Amino acid sequence: MSHRVVECVPNFSEGRDLARIKVITDAIASVPGIRLLDVDPGADTNRTVVTFVGAPDQVVEAAFQGVKTAAQVLDMGSHHGAHPRMGATDVCPFVPVEGITLEECAELARRLGERVGRELELPVYLYEHAASCPERRNLAVVRKGEYEGLAEKLKDPQWAPDFGPARFDPRAGALITGAREFLVAYNITLNSRDKAHATDIAFELREKGRVARRGQTSAFYSSGKELRYAEGCFPCGNCGFDAATFGELEAHCRDQHGYELRHLLSLNDIDASRGVAGQKAYKAGLFTFCKAIGWYVDTYKRAQLSINLTNYKVTPPQAVLEATRRMAAERGLVVTGSEIVGLVPFQALLAAGRFYLKQQGKSPFIPVPDVLENAVFSMGLADVAPFEIDKKVLGLPRRLEQSLVGMTCADLADEVSRDTPAPGGGSIAALAGALGAGLASMVANLAQGRTRTAQDEEAVLLAAEQGQRLKDQLILAVDDDTNAFNAYMEARRLPQGNAAEKAEREGRMQDGLKLAVEVPWATASACLGVMRAADLAMASGNPASITDAMVGVQMGFAGLRGGIWNVLINLKDITDPAFNADMRDRCARLLADAQVLLERALAYGDGKLAAMLEPKPRKEKA
Ligand SMILES: [Zn+2]
């Protein structure tokens with residue numbers, strides 16, 4: 001069953017009255033399944049940033065409760081603060097963490113906006129990835145005029161709200177909601193107390209870049225002389241080229257360095273359309289979606305690069321760290337480690353661990369805890385403060401304690417043998433598949449780095465990757481199978497006093513049964529993948545591991561057969577003939593594919609094995 005996590009970061013226009021803030025956060029935390037991660041009130045800004053996570057539906061509900069409560073307890077008419085704002089809930093972004101896309105988060109923002117407009121009758125604007133038109137993407141543009149200008153803004157047809165009435169609510173103002181990527185706050189620590197050392201590298205990294213210089217007399221960039229644009233001479237900040245016109249320089253930056261000069265200048269508050277002669281020249285930084293400065297941290301007695309990564313999928317922390325390590329070495333400095341401020345999404349840390357495993361010539365497709373540990377060691381994440389994976393990583397795969405798969409093998413065998421119907425064949429089928437997947441990955445990982453051809457190398461890495469993914473999926477299915485009937489059992493407990501209630505109960509029971517069929521079907525389908533991965537590992541892997549791969553294929557087949565049997569037996573109580581016919585058809589096709597693969601793979605393996613056992617002809621002694 002898929003694991004989906006969304007983060008929501010509403011900003012409320014109250015940063016001083018902690019009692020009122022608590023009323024709002026209590027309303028958010030009262031929604032089941034919501035984890036309140038952070039409440040950060042600011043007295044100067046008179047604003048509180050709240051961070052919480054949960055499953056998509058629960059997060060939308062909690063966001064609505066927060067917006068509703070803020071509209072009741074806050075009064076924008078008397079609000080003053082140093083931060084621009086437009087409403088009691090000023091801005092409410094949804095952020096993908098695990099198992100959900102940015103586009104799906106934009107849909108959550110639209111759902112919240114629609115409900116706030118309808119039930120609370122407040123005007124709602126959508127921004128960033130949820131924006132209804134390009135002009136509304138930028139938050140600063142949407143919020144222009146702020147609360148004080150909102151009454152006028154709502155009269156302008158250009159600024160009709162996306163949801164709710166175009167009517168000014170003096171107490172609550174307007175809500176701005178949308179979707180954005182997760183922000184990773186990341187610090188890199190140097191073996192120096194000099195803030196200038198950190199700043200020098202930070203300016204090389206950040207998208208905004210720095211004032212361009214040439215003629216450095218030391219490794220530090222600031223030892224060069226500042227460049228300015230002049231009529232007839234427009235120097236490039238990223239190389240020694242001088243253009244005769246601004247247009248020529250723009251084309252050069254685009255073609256040679258891959259950036260838009262006008263965009264770079266606008267990040268530095270220069271409007272190129274007004275002419276740039278006389279202005280300082282700029283050098284673009286290495287990374288987009290990257291903000292960075294240098295600072296000194298007294299607690300650590302070290303200078304740090306303080307970095308915000310606004311899209312870790314494009315600019316991941318490990319890329320920024322490796323660039324920093326290289327530039328530090330050029331300057332006689334050492335990176336002692338790095339630090340995640342707040343939390344990091346599971347996928348970000350997983351990608352970092354896999355990146356370093358590849359660098360080390362190891363298979364990146366080893367068990368997830370080992371990959372995460374490699375990321376922590378490679379990035380030096382525990383350098384200045386402890387890094388506990390369960391506390392720092394958001395969206396970790398479901399915890400396995402307190403479950404069948406948390407037991408020892410002996411305890412699980414005992415549990416199966418007791419006179420209770422569960423765990424039964426469905427869980428054991430999933431376990432068989434998981435063990436087969438483990439073997440496929442093992443055979444592939446033993447071969448990786450030692451294969452004869454690039455094609456074999458690609459094949460074993462694919463087998464390792466699929467083996468890991470299917471193993472993790474099937475391990476969860478061991479417990480899911482035992483819980484598959486929960487929805488059906490809940491429906492059975494519904495009242496059956498009259499005909500309408502009986503029909504409702506019967507409908508929900510049928511839905512529950514169909515849901516229960518999904519679990520063994522998913523096991524059976526995944527097990528065909530296990531067989532394929534083991535087959536691939538057998539063909540490209542080390543001959544010494546051939547019997548391991550054969551066991552993998554056979555275990556995958558046992559899991560597949562078991563999954564199909566469990567699908568079929570669950571169909572007997574389902575009264576939808578079209579559903580049953582379709583399911584039987586899908587099972588038959590899956591089984592046919594599996595039987596062909598099984599016969600071929602085992603014939604190949606047995607053939608290799610027989611050749612190995614054949615007595616080798618002895619050399620005649622002369
Ligand atoms: Zn250049």
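**Exercise 1. Is Cys236 buried or exposed, and how does Cys239 rank?**

Step 1. Take the cut-offs: buried means under 20% relative accessible area, exposed means over 50%, and partly exposed lies in between (1.4 Å probe, protein chains only).
Step 2. Cysteine 236 has a relative accessible area of 0%, so cysteine 236 is buried.
Step 3. Cysteine 239 stands at 29%, so cysteine 239 is partly exposed.

A note on the source: this is a predicted model, in which local features need pLDDT of at least 70 and side-chain atom pairs count only at pLDDT 80 or more, while totals for chains, interfaces and linings use all residues. Residues are numbered from 1 along each chain as its sequence is written, and side-chain values use heavy atoms, with hydrogens and water left out.

**Exercise 2. Describe the site of the zinc ion.**

Step 1. Find the donors, which are N, O and S atoms within 2.8 Å of the metal (3.2 Å for Na, K and Ca); water is not among the atoms, so sites may look incomplete.
Step 2. Cys236 (SG), Cys239 (SG), His252 (NE2) and His257 (NE2) coordinate the zinc ion at 2.0 to 2.3 Å.
Step 3. Read the spacing of these donor residues in sequence: C-x2-C-x12-H-x4-H.
Step 4. Check the angles. Four donors count as tetrahedral if all angles lie between 85 and 135 degrees. Here the 4 donor atoms give 103 to 119°, and the site is tetrahedral.
Step 5. Set this beside the ideal: four tetrahedral donors have angles of 109.5 degrees.

**Exercise 3. Place threonine 523 and list what it touches.**

Step 1. Helices are DSSP runs of H or I with at least four residues, strands are runs of E with at least two, and both are numbered from the N terminus.
Step 2. Threonine 523 belongs to helix α17, residues 499-540.
Step 3. Its relative accessible area is 3%, so threonine 523 is buried.
Step 4. Contact means heavy atoms within 4.5 Å. Beyond residues up to four places away in sequence, threonine 523 touches Ala429, Ala430, Leu474, Ala477 and Gly559.

**Exercise 4. Do the same for valine 39.**

Step 1. Valine 39 sits in strand β3, residues 35-42.
Step 2. With a relative accessible area of 34%, valine 39 is partly exposed.
Step 3. Neighbours within four places in sequence aside, valine 39 contacts Ile21, Thr25, Thr48, Val49 and Val50.
Step 4. Leucine 357 is 318 residues from valine 39 in sequence, and the two lie 36 Å apart in space, C-alpha to C-alpha.

**Exercise 5. How many helices and strands does the protein have?**

Step 1. The protein has 19 helices and 19 strands.
Step 2. Of its 622 residues, 47% count as buried.

Note on methods:
Tetrahedral: all angles 85-135°; square planar, octahedral: opposite > 155°, others 65-115°.
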